[in-house]
Amino acid sequence: MSTHAAVLTGLGGYLPPRTVTNEELSDRLDTSDEWIRKRTGIRQRHVVDPGVATGDLAVEAGHRALKSAGAQGWNAVDMVVVATTTPDHPLPGTAPNVAARLGLGPVAALDVQAGCSGFVYALATATAALAAGHAEGVLVIGAEVFSNVLNPADRTTAVIFGDGAGAIVLRAGDRDEPGAVLGVDLGSDGTGLELATIPGGGARQRASGRQPRPDEGYVQMNGKEIFLQAVRRMAASSSAVLGKVGWSVDQIDHVVGHQANLRILHSLAQQLGVDKRRVVSHIESAGNTSAASIPLALADAAARSRFRPHDRLLLTAFGAGLTWGSAALTWPQTTLV
Ligand code: UT7
């Protein structure tokens, strides 16, 4: 087996300053703080001010991650991957402009669209590029202005999602270094397309020859079915990646799952046989930030000094597509945030 691996060297998160509490949502929707807390674990979410787009959040998080990477940051990064469901434009991708605004020069830059699994897919893209020698250092960003695609009248989605961005820097290194990404598992089931979708605005809707209804520009989700599938798929994908890297469940120090719903994270822990105390969550204060949720959860936990060098982390995500993915990595020696 090759000894090459992608190694984590930088981390940063950015949440827009404005928060929306459950009480504020209860003023305009048929919901309550009690229902939202009990069924999702969310207390508040962050929402951008008018005029702020996904690329702006990506630049903030990217800047923090590059700064935290020190010498491995601006000088070493030659590729930028932005995972997002809410790109600044249908064309071009968000990543090239983010790379330019970060002053990274003429680097490779692309977007990855894999719903809430986007960050793990982007991480896999980065690790593959590093292993193949196509890149020396990669900035991987998950960024969303999800509030743009929320139907203000739909209580099932409006209470869950929020805006934010998180980023990591990876460099080429060896598998035995702390911070190495040791394995990845990815999967999809496109027959589940209808379970979470924004039906309007794309080629499929235009090909239908009819004008989109206003609500077709918003995310539509079968929450109950997505919940069940999320637990099942993340548990199976987690087991697959653990098998690939040869870790037992007992050896995992932290499970950093996609922050969709605290009950999903706890069900996942139960299915895997992991103690709930090893589940990392920041959902209470940030809600579900889709492709940004895993790097934001990492940055939040790192800022609280929750991870120690050599700790074993399992990342796992599930989202629209349907898509899912998991990654196993160790925590680096250096303090990242
Ligand atoms: O990020 C990746 C994609 N998204 C997810 O992973 C989200 C996964 N799904 C979920 O997190 C949950 O399914 C929701 C939070 C969306 C809904 O929670 P639930 O416990 O699955 O609720 P439910 O759909 O089973 O609905 C239970 C009841 C229903 O009322 P009745 O029919 O029992 O009278 C709903 O109408 O709760 C009602 N309800 C609400 N009540 C107050 C649904 N949303 C709300 C709400 N406030 N916001």
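This briefing covers charges, selected residues and unusual backbone geometry in one structure. The model is predicted. It holds 13 salt bridges. It also carries a positive surface patch. Two peptide bonds described below are cis, one from Leu91 to Pro92 and one from Gly321 to Leu322.

**Positive patch**

- Lys38, Arg39, Lys224 and Arg263 together form a positive patch on the surface.
- Lys224 belongs to helix H8, which spans residues 223-245.
- The relative accessible area of Lys224 is 68%. Lys224 is therefore exposed, since that value is over 50%.

**Salt bridges**

- Asp30 pairs with Arg155 in a salt bridge, with 3.5 Å between the closest N and O atoms. The two residues sit 125 apart along the chain, so this bridge links distant parts of it.
- Asp30 is in the loop between helix H1 (22-28) and helix H2 (33-40). Arg155 is in helix H6, residues 155-158.
- The partners differ in exposure class: Asp30 is exposed at 62% relative accessibility, while Arg155 is partly exposed at 45%.
- Asp189 and Arg233 also meet through their side chains in a salt bridge, at 3.5 Å from N to O. Asp189 lies in the loop between strand S8 (180-188) and strand S9 (196-197), and Arg233 lies in helix H8, so the bridge ties together parts 44 residues apart in sequence.
- Helix H8 thus appears in two topics here, because Lys224 of the patch lies in it and Arg233 of this salt bridge does too.
- Arg304 bridges to Asp300, with the closest N and O atoms 3.1 Å apart. Arg304 is exposed, with a relative accessible area of 59%. Asp300 is partly exposed at 23%.
- Arg210, Arg213, Asp215 and Glu216 are joined in a network of salt bridges.

**Ser281 and Ala297**

- Ser281 lies in the loop between helix H9 (262-272) and helix H10 (283-286). Its relative accessibility is 29%, so Ser281 counts as partly exposed.
- Beyond its neighbours within four places in sequence, Ser281 contacts Gln259, Leu262, Leu265 and Arg306.
- Ser281 and Gln259 are 22 residues apart in sequence. Their C-alpha atoms are 6.8 Å apart in space.
- Ala297 is part of helix H11, residues 293-303. Its relative accessible area is 0%, so Ala297 is buried.
- With neighbours within four places in sequence left aside, Ala297 contacts Val256, Gln259, Val280 and His282. Gln259 is also among the contacts of Ser281.
- Ala297 and Ala240 are 57 residues apart in sequence. Their C-alpha atoms are 22 Å apart in space.

**Ala99**

- Ala99 is in helix H4, a helix that runs over residues 95-101.
- Ala99 is buried, because its relative accessibility of 2% is under 20%.
- Val80, Leu104, Val107 and Ala109 touch Ala99, when residues up to four places away in sequence are not counted.
- Gly257 is 158 residues from Ala99 in sequence. The C-alpha separation of this pair is 27 Å.

**Unusual backbone geometry**

- Most peptide bonds are trans, and most residues other than glycine have a negative phi. The cases below go the other way on one of these points.
- The bond from Leu91 to Pro92 is cis, with omega near -5°. Pro92 sits in the loop between strand S4 (79-83) and helix H4 (95-101).
- The bond from Gly321 to Leu322 is cis, with omega near -5°. Leu322 is in the loop between strand S12 (312-319) and strand S13 (323-330).
- Ser305 is not a glycine, yet its phi is positive at about 55°. It lies in the loop between H11 and S12. Ser305 is exposed, with a relative accessible area of 55%.
- His310 also has a positive phi, near 80°, and is not a glycine. His310 is found in the loop between H11 and S12.

Terms used: Residues are numbered from 1 along each chain as its sequence is written. This is a predicted model: local features need pLDDT of at least 70, side-chain atom pairs count only at pLDDT 80 or more; totals for chains, interfaces and linings use all residues. Side-chain values use heavy atoms; hydrogens and water are left out. Patches are made of residues with over 30% relative accessible area and no salt bridge: like charges are joined within 9 Å, nonpolar side chains (Val, Leu, Ile, Met, Phe, Trp, Tyr) within 5 Å. Accessible areas come from the Shrake-Rupley method with a 1.4 Å probe; for residues, only the protein chains shown count as cover. A salt bridge is a side-chain nitrogen of Lys or Arg within 4 Å of a carboxyl oxygen of Asp or Glu. Lys and Arg count as positive and Asp and Glu as negative; His and the chain ends are not counted. The place of a charge is taken as NZ of Lys, CZ of Arg, CG of Asp or CD of Glu. Helices (H or I, at least four residues) and strands (E, at least two) are DSSP runs, numbered from the N terminus. Buried means under 20% relative accessible area, exposed over 50%, partly exposed in between (1.4 Å probe, protein chains only). Contact means heavy atoms within 4.5 Å.
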